[in-house]
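Work through the exercises below with the sequence and coordinates open. Try each task before reading its solution.

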Amino acid sequence: DAAGGTAAPSIARFAVAPPLRDPGFMLGMLVEQRRSGPALASNLQFLAERGISGVMHYQIDRALMEAAPEYGMRAMAIVHGSSDPKLMKERPPLLRINASGNPFRDKPPSIADLLWQDSMATGLAIAVSTLAKYPGFLPWMCTSDDYYRRTGLDYHPANVERFRALTSHEPPRPPEALTNDYPRTVARPPGIIPDDDPWVAWLRFNARDVLGRFNRGLATAVENVTDGQGKIGPVPGGGPLCMGTVPLADMESGQWPPYNFGNSGFNLVSYYNYNFNAYPALIQVWWAEMARLGNRDMPVWLMPDTMHPRTYYHLQNYHLFMSAHLDGLVYFIHEWSKPGFDMALQSFGPINKYLGPWLKAVKPVPATVGLLVPFETACYRADHPIDCGLAYCNLRMAQVPVEPVCPEELPRRGGQYKAVLLHDVDQLSASNVRLLDKYRQQGGRVILDRATGL
């Protein structure tokens, strides 16, 4: 140096990771425990050897985002926004309110306050902008973990006021809702119903204008801080067992894919489904088909379970998921994995590693039969999507190329169907009846089964 001394050598420690190829079909693993140093390296090596291409974490950190690319993987996150406490200080309590005007018995929070919704989106943008700086971070993420407890039927004053402004009507309060916070059926004679049916309008408002608005705000926040590359979707539960056995189409929690995704919500269709043999295995393909309802071109990710002890269960499910043409699997959860799952993963994991891009590129043969799934019937009988799922299983086992379709899609998709089937449909709006009639006049066949009450 200038003083004639010897400068101490400066050594920068760095690792050169191989280029991350397109993972194609994303095979991911949700990890709960935070690791660092040798423990993190050992965990990533374990997962990489089994063909895992992405690691999702509840508490993603710098160590994971920097280490994952060394093993040919991307780091992903379950990330939530946070509302600004200063903004919310003077707001009324955010509790979900039942038809009687009282908080729900189990005191779930509400998402009705639009200021809270927007504040959560702002908080999410801040969190994601920090993560997006790391090359190892894949900006496809999940949020709203088990928000089915917060969403859906909610007579919170903010919702009631907005509904009045939009429709000039009061929210209906049927007897079933007055005696049960989560009514799965509401009595109404079968038949054609008016387009402005109050109960249907109220549930649509809760699904699209409350939950859908919240979802869209989160998706926009992610897009804005990732140059439009980010994707975000929920990991919602739902259904009678509240464990995702009935995902995506659950009136109690306001879940209906056309109203929760796409222009009305998230830009990644995602859900979890731990079937646990509660329904026929084939019904898992049905839920993947239902995920695309109203959003046919959006990517679909599923979070299956690792907890079942039997290897055959996981092998069978993996092949069913492949037949459903999903875009990704992120398994729940590494720390709870049973040996039977690990044996299955060692079998199918390497398939994804080498054939992932091809698996993702394969497109299904277009269905030639549509199974009608109207929102109206599900409003009055929440189990109708399950009933349709069982009918779908029967049709698929009979080699019928069938898919679910909502009436509003018929103008765009009706031309590919030789027939549209109505199974156990009790209510259908007048405008949707006209769509069916137009499809029939254009040469299509409309088939009603014995259970349909129209």
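The exercises that follow concern a predicted model.

**Exercise 1. Place Thr306 in its surroundings.**
Which loop holds Thr306, is the residue buried or exposed, and which residues is it in contact with beyond its sequence neighbours?

Solution.
1. Find the loop. Thr306 sits between β8 (300-303) and α10 (311-323).
2. Check the accessible area. The relative value for Thr306 is 0%. Buried means under 20%, so Thr306 is buried.
3. List the contacts, leaving aside neighbours within four places in sequence. Thr306 touches Met29, His314, Tyr331, Phe332, Ile333, Trp336, Ser337, Lys338 and Phe341.
4. Take one of these partners, Lys338. It is 32 residues from Thr306 in sequence. The C-alpha atoms of Thr306 and Lys338 are 6.4 Å apart.
5. Look at the side chain. That of Thr306 reaches the backbone oxygen of Ile333 at 3.0 Å.

**Exercise 2. Examine the backbone at Ile333, Gln399 and Asp424.**
What is the peptide bond from Phe332 to Ile333, cis or trans? What is phi at Gln399 and at Asp424?

Solution.
1. Start from the usual case. Most residues other than glycine have a negative phi, and most peptide bonds are trans.
2. Read omega. From Phe332 to Ile333 it is near 5°, and the bond is cis. Ile333 belongs to the loop between β9 (328-331) and α11.
3. Read phi at Gln399. The value is near 65°, positive in a residue other than glycine. Gln399 is in the loop between α13 (384-397) and β11.
4. Read phi at Asp424. The value is about 60°, again positive and not in a glycine. Asp424 is in the loop between β12 (419-422) and β13 (427-429).
5. Compare accessibility. Gln399 is exposed at 67%, whereas Asp424 is buried at 17%.

**Exercise 3. Analyse the salt bridges.**
How many salt bridges does the whole structure hold? Which parts of the chain does the pair Arg296 and Glu409 link?

Solution.
1. Recall the principle. Side chains of opposite charge can pair when their charged atoms come close.
2. Count. The search returns 20 salt bridges.
3. Take Asp61 and Arg34. Their side chains meet at 3.2 Å, N to O. Asp61 lies in the loop between β2 (54-57) and α2 (62-67), Arg34 in the loop between β1 (26-31) and α1 (37-49), and 27 residues separate them. Asp61 counts as buried at 15%; Arg34 is partly exposed at 46%.
4. Take Arg296 and Glu409. Their closest N and O atoms are 2.9 Å apart. Arg296 is in the loop between α9 (283-291) and β8, Glu409 in the loop between β11 (402-405) and α14 (410-413), with the two positions 113 residues apart. Both residues are buried.
5. Take Arg381 and Asp387. Their N to O distance is 2.8 Å. Arg381 is buried at 17%, and Asp387 is partly exposed at 23%.
6. Look for shared partners. Arg184, Asp250, Glu252 and Asp383 form one network of salt bridges.

**Exercise 4. Describe the largest pocket.**
What is the volume of the largest pocket, and which residues are closest to its centre?

Solution.
1. Volume. The largest pocket has about 720 Å³.
2. Lining. It has 27 residues, and Glu289, Arg292, His325, Lys363 and Pro364 are closest to the centre.
3. Elements. α9, α11 (339-361) and β11 each give two or more lining residues.
4. Composition. The lining splits into 14 nonpolar, three polar and ten charged residues.
5. Follow α9. Nine of its nine residues are buried, so this helix is largely enclosed by the rest of the structure. Among them are Trp286, Trp287 and Glu289.

**Exercise 5. Survey the cavities.**
How many cavities of 30 Å³ or more are there? What lines the largest cavity?

Solution.
1. Count. There are six at that cut-off.
2. Largest cavity. Its space is about 140 Å³. Of 15 lining residues, Leu211, Asn215, Pro234, Pro236 and Gln255 lie nearest the centre. Helix α7 (residues 198-224) gives the most, three residues. Nine of the lining residues are nonpolar, six polar and none charged.
3. Second largest cavity. Its space is about 90 Å³. Of 13 lining residues, Gln33, Arg35, Leu40, His57 and Leu64 lie nearest the centre. The largest share, three residues, comes from α1. This lining has six nonpolar, four polar and three charged residues.

Technical notes. Residues numbered from 1 in each chain as written. Predicted model: local features only at pLDDT ≥ 70, side-chain atom pairs only at ≥ 80, totals over all residues. Heavy atoms only, no water. Helix = DSSP H or I, 4+ residues; strand = E, 2+ residues; numbered from the N terminus. Buried < 20%, exposed > 50% of the residue type's maximum accessible area, 1.4 Å probe, protein only. Contact = heavy atoms within 4.5 Å. Polar contact = N/O pair within 3.5 Å; in protein donor to acceptor, adjacent residues only side chain to side chain. Salt bridge = Lys/Arg side-chain N within 4 Å of Asp/Glu carboxyl O. 1 Å grid on protein atoms, 1.4 Å probe; cavity = no way out; pocket = protein on both sides within 12 Å on 5 of 7 lines; lining within 4 Å. Points joined across faces, edges and corners; volume = space filled by probe spheres on them. Nonpolar A, V, L, I, M, F, W, Y, C, P; charged D, E, K, R; others polar.
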